[in-house]
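I was asked to keep a notebook on a structure that is new to me. These entries record what I looked up.

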Amino acid sequence: MDLDSGNKRVFQRLGGPVDPKNQKVCFHWRAGNCTRHPCPYLHIELPPPPSNGSSSKRAHGFVDDSSGFSGPRARTNYTGSTWGRSHGGANSRTVRKPERVSKICKYWVQGNCGYGEQCRFLHSWSLGEGFSMLTQLEGHQKVVSGIALPSGSNNLYTGSKDETVRVWDCQSGQCMGVINLGGEVGCMISEGPWLFVGIPNIVKAWNTQTSTELSLNGPVGQVYAMVVGSDLLFAGTQDGSILAWKFNAVTNCFEPAASLKGHTLGVVSLVVGANRLYSGSMDCTIRVWNLETLQCIQTLKEHTAVVMSVLCWDQFLLSCSLDQTIKVWVATESGNLEVTYTHEDEHGLLTLRGMHDSEAKPILLCSSNDNSVHLYDLPSFTERGKIFAKQEVRAIQVGPGGLFFTGDGAGQVKVWQWSTEPTANA
């Protein structure tokens, strides 16, 4: 990512010529009261010095990535990691992210900024190099809570708290249909041709190839999270239970298989990896379940607020919380997970999603309740860019060909893509 050229471009937009010999940040701009137009100093923070640490060359796979996933396993020779190395020393365990002053103009978002090109705030939905917004899908009236791309389908599905699922043509971007559900969509996933939609007290299942429609009963309250693993569909519910169904090919239906008890409040995030099911809850804990026995084998209590999202990456488990942290967990010799790195933010964190950029480098997308999404390099946690939205981004989904999607609290779905053009400092 060419940070220097990015600084120049923003500075030129503010009306000042860039003098490479005078790369200083304006003191008055930092204080929020610079009145010089043009100003001879930068109206943006300088990038941090480049890291001397070399990045790992081995392949990394996310839980839903075809490049392969191992998940947290016991590491008998584990002696540390390169997590967050670019922000601190080799033994750093907790690092606070430096404050970012680049903010989106709230008046531009509303369509009435009077400063135009002279505005010192961003007039863009993103900041950073290597990715761009392709289009925006309008239609939902409330929070977008799920985005799915079923296999073999040319359609994108989005679910919302406006009690609808919208079907979008992937080629034209046009809405092809609206499904009224009669209940707020708590979550939505796809597995093969199946589309699963969680609404209060029920899970709806559609086969997008055969048009088969099923209703899975059992949930109590809203269904907040779903995941598929070991031929089972798991659903985290408002009462703290995790329900499991197994598909019966003979009867062509999903049959109840188990109910996992342990959480004391709603289960809002689920992920499967390394023959384990990981569940994040409003009770501030993460529970680890053996997929063979469906028994809880460990409870992680390091977070101090709701565990909003969990993600498996390489041999690690990542979790984010409203306590403003992302925690990285690794398995010890005994097989139990412990925190090996904590990344701190200035806002509560909502959703994690992993993908690779156009150069196959692992990227972590993390939305926060300041209406933004951070894009981090892994494992360094170097910020590659930032995405902005009108309201909180509650749904992030990864598609083929470097595509990814974000859905926010205003009902907007944005389509993004990593550029195939190599960056200047790649």
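The entries below go from the whole chain to single strands, residues and salt bridges.

**Entry 1: ground rules**

I note that this is a predicted model, in which local features need pLDDT of at least 70, side-chain atom pairs count only at pLDDT 80 or more, and totals for chains, interfaces and linings use all residues. Residues are numbered from 1 along each chain as its sequence is written, and side-chain values use heavy atoms, with hydrogens and water left out.

**Entry 2: the whole chain**

I looked up the secondary structure and found three helices and 30 strands in the protein chain. Helices (H or I, at least four residues) and strands (E, at least two) are DSSP runs, numbered from the N terminus. The chain has 426 residues, and 50% of them count as buried. Buried stands for under 20% relative accessible area, exposed for over 50%, and partly exposed for what lies in between (1.4 Å probe, protein chains only).

I then looked up the surface: the protein chain exposes about 19400 Å², of which carbon and sulfur atoms supply 47%. These areas come from the Shrake-Rupley method with a 1.4 Å probe, and for residues only the protein chains shown count as cover. Among contacts (heavy atoms within 4.5 Å) with a separation of 6 or more, 47% are between residues 24 or more positions apart.

**Entry 3: the sheet E12-E13-E14-E15**

I found an open sheet of four strands in the order E12-E13-E14-E15, with antiparallel pairing. Two strands pair if DSSP finds at least two bridges between them. Which strands stand at the edges? They are E12 (223-229) and E15 (253-260); each has a single partner strand, so one side of each is left without a neighbour in the sheet. Neighbouring strands here are turned by 25° against each other on average, direction ignored. For such angles, axes are lines fitted to C-alpha atoms (for helices over the stretch in contact), and angles run from 0 to 180 degrees between N-to-C directions.

I followed one pair further: six bridges join E12 to the antiparallel strand E13 (residues 232-237). Ala 225 has Gly 236 in E13 as its bridge partner.

**Entry 4: the sheet E3-E30-E29-E28**

A second lookup gave an open sheet of four strands, ordered E3-E30-E29-E28 and paired antiparallel. Strand E3 (131-137) and strand E28 (393-398) are at its edges, and because each has a single partner strand, one side of each is left without a neighbour in the sheet. On average, neighbouring strands of this sheet are turned by 25° against each other, direction ignored. E28 and strand E29 (residues 403-408) run antiparallel and are joined by five bridges. One of the bridge pairs is Val 393 with Asp 408 of E29.

**Entry 5: strand E27 and its partners**

How many residues of strand E27 (residues 383-388) are buried? I recorded six of six, so that the strand is mostly covered. Strand E26 (residues 372-377) is joined to E27 by five bridges and runs antiparallel to E27; His 374 is the bridge partner of Lys 386 in E27. E26 and E27 form a hairpin with five residues between them, and Phe 381 in the turn has a positive phi of about 65°. Strand E2 (residues 126-128) is also antiparallel to E27, with three bridges, and Gly 128 is matched with Gly 385 of E27.

**Entry 6: Leu 365**

I placed Leu 365 in strand E25 (residues 362-368). Is Leu 365 buried or exposed? Leu 365 is buried, at a relative accessible area of 0%. Leaving aside neighbours within four places in sequence, Leu 365 is in contact with residues including Leu 352, Met 355, His 374, Ile 396 and Phe 404. Phe 404 lies 39 residues from Leu 365 along the chain, and their C-alpha atoms are separated by 9.9 Å.

**Entry 7: salt bridges**

I counted a salt bridge where a side-chain nitrogen of Lys or Arg is within 4 Å of a carboxyl oxygen of Asp or Glu; by this rule there are five salt bridges.

- Glu 359 and Lys 361 meet at 3.3 Å, N to O; Glu 359 is partly exposed at 30% relative accessibility, and Lys 361 is partly exposed at 36%.
- Arg 384 and Asp 377 have their closest N and O atoms 2.9 Å apart, and both residues are buried.
- Asp 408 and Lys 414 have their closest N and O atoms 3.9 Å apart; Asp 408 is buried at 2% relative accessible area, and Lys 414 is buried at 2%.

I add that salt bridges with shared partners join Asp 357, Asp 377 and Arg 384 into one network.
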